[in-house]
Structure formats: structure tokens, C-alpha cells
Amino acid sequence: TMYREMRGGDHRNAGSSPSCWITTVPILFFLCLIVTIVINLAPSCPACPACTPHTEPVTEVQNSVSTGNAADVGESHGGWFVGHFMAGQQPERSKDVEVKWSTHQEGTTNGKWTINSKCWSMAVLIHGEVKFFFHDVAQFHNSSVSSNTEGPESNTGQTIVKLTKPGDYVMWGRVPHYWEVPATSTVMSMRWPSAEKDQKVVQLPLP
């Protein structure tokens, strides 16, 4: 004991020697480097509900069936039987689309030029013949092999489209339109989206 005290005390109570730190620091650095490499090389976790946030809203899907007669259901809405104006929670009540079934006698017209500010429209001929007039059309596309289009007429600025064969259709958006029926006809019309008070009358000379 006296010998150890003369030598400066028990070495267990002395501070760490510089040589100990010189060997420990490189080992710790090497271990951290190995862990970093393993983490980067490990395969990523597959997408799963536990680790993937839900970025899209969940939409509840309801299975339902609805049936009826288009002419009867649409009688109180001018022939329109699908749209935002339908009552209740039935599938026919929609803000995305409106659908109309209409039968017109020979000589019928809509009596005025109208335009929709937001909605697009389409009319499909079931039978008969319908003549559409469009005013000041910027672009026109004819997808039929045989053209059923007259115009645009240079003196009036009107483009005239005749629906004469079952399945003939015309689609338009944000352009004044007018129609007349040379022969008794049935037409199915669509409009999207279904927007309240979107249509207005345009003061133009009738064809």
C-alpha cells in the first residue's frame, strides 16, 4: 500500500489516459459510419396505412338503382329529369349533370337565343329532325363523315347544324344558340355541370 501511495496512488482513481481516447474515438466514428451505410442501403418500407398519410379525401360509395320514365319524371321540369333541381336524395338529384328527354312537334322553336356562362350542352337526336343555330362560333369541329353543317354564314355570323339521323348530336359551350324543329322529333339533351341560373337570354335577331 505504501508503495502505491508513493507511486501516486491507485491507478483506478486516476483520470483516463490520452492513449485511451486516441483508440476509442476512431472506433466510435467507424461504428456510426457503418450504421449510416446500413440504413441507406436497407429497402424502403412499402406503402401502408400506418406509414403513408391519407392525402385524398375518402368518398363514401353508395350502391343504388333508380328507375322511371324520363318523360313522366321530367314533366314538371320542362323535360329535365336529372339535375340539381330534383327533390330528395334520389340519384337523379345531381350537381354534376342535367339530362332532358323532350318530344317536339313540327314547327316548334325555343323562341329565343340563349347562352350558358358555365355549362356545356349536348343534344342527341332519337328520331325526327332538329335544326340548331349558333351565333359567332370561334371554333367548329365536325366528327361525322358526311357534313350536316351549313355555314357559318358570312352575312349573319350564324353556324347552322342539322340533326337528321338517329344518333346525330351537337355539342356546344358558351355560345348563343337557337333551335327549331322541321319535323316531329325526340331529343335527349345533356348539360354539365348542373348550375342554377346559368342560362340567360341574348338579344339577337331570330333566324
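**Notes on a predicted model: strands, cores and a pocket**

1. Let's begin with the overall layout. Going along the sequence, the protein chain runs α-α-α-β-β-β-β-β-β-β-β-β, which comes to 3 helices and 9 strands. Keep in mind that this is a predicted model. Of its 207 residues, 26% count as buried. If you take the contacts in the chain with a separation of 6 or more, 75% of them come from residues 24 or more positions apart.

2. Now for the nonpolar interior. As general background, nonpolar side chains in soluble globular proteins tend to be buried together. Here, the largest nonpolar core has 13 residues, and Phe132, Phe134, Val170 and Trp172 are the ones with the most contacts inside it. At least two residues of this core come from each of β4, β6 (158–163), β7 and β8 (177–192). The top contributor is β4, which gives 5 residues.

3. There is also a second core, separate from that one. It has 6 residues, among them Trp113, Ile115, Tyr178 and Val202. Trp113 and Tyr178 turn up again in the ring pairs, which join them with Phe133 into a cluster.

4. Which kind of aromatic pair do phenylalanine 134 and tryptophan 172 form: stacked, edge-to-face or tilted? The model holds 5 aromatic pairs, and this one is tilted, with 5.4 Å centre to centre and 55° between the planes. That angle is neither under 30 degrees, as stacking would need, nor over 60, as edge-to-face would need, so the pair counts as tilted. The two rings bring distant parts of the chain together: phenylalanine 134 belongs to strand β4 (residues 120–135) and tryptophan 172 to strand β7 (residues 169–173), 38 residues apart.

5. It's worth staying with that pair a little longer. Both phenylalanine 134 and tryptophan 172 are buried. Leaving out residues up to four places away in sequence, tryptophan 172 touches Trp120, Ser121, Met122, Ala123, Phe132, Phe134 and His177.

6. Next, have a look at serine 102, in strand β2 (residues 98–104). Is this residue buried or exposed? Its relative accessibility is 7%, and since the cut-off for buried is under 20%, serine 102 counts as buried. The serine 102 side chain makes a polar contact with the side chain of histidine 104, at 3.1 Å. Setting aside residues up to four places away in sequence, serine 102 touches Ser185, Thr186 and Val187.

7. That leads to valine 187, which sits in strand β8. Valine 187 is buried too, because its relative accessible area is 3%. Beyond four places away in sequence, its contacts are Lys100, Trp101, Ser102, Ala123, Val124, Leu125, Ile126 and Val130. Valine 187 and glycine 167 are 20 residues apart in sequence, and their C-alpha atoms are 9.6 Å apart in space.

8. Finally, the second largest pocket. Its volume is about 490 Å³. The lining is made up of 28 residues, with Trp80, Lys100, His177, Arg191 and Gln199 lying nearest the pocket's centre. Which strand gives the most to this lining? The answer is β8, with 6 residues. Strands β2, β3 (113–116), β4 and β8 each supply at least two lining residues. Two residues named earlier come back here: Lys100, which valine 187 touches, and His177, which tryptophan 172 touches, are both among those nearest the centre of this pocket.

Definitions and conventions. Residues numbered from 1 in each chain as written. Predicted model: local features only at pLDDT ≥ 70, side-chain atom pairs only at ≥ 80, totals over all residues. Heavy atoms only, no water. Phe/Tyr/Trp six-rings, centres within 6.5 Å; stacked < 30°, edge-to-face > 60°. Helix = DSSP H or I, 4+ residues; strand = E, 2+ residues; numbered from the N terminus. Buried < 20%, exposed > 50% of the residue type's maximum accessible area, 1.4 Å probe, protein only. Core = buried A, V, L, I, M, F, W, Y, C linked by side-chain atoms within 4.5 Å. Contact = heavy atoms within 4.5 Å. Polar contact = N/O pair within 3.5 Å; in protein donor to acceptor, adjacent residues only side chain to side chain. 1 Å grid on protein atoms, 1.4 Å probe; cavity = no way out; pocket = protein on both sides within 12 Å on 5 of 7 lines; lining within 4 Å. Points joined across faces, edges and corners; volume = space filled by probe spheres on them.
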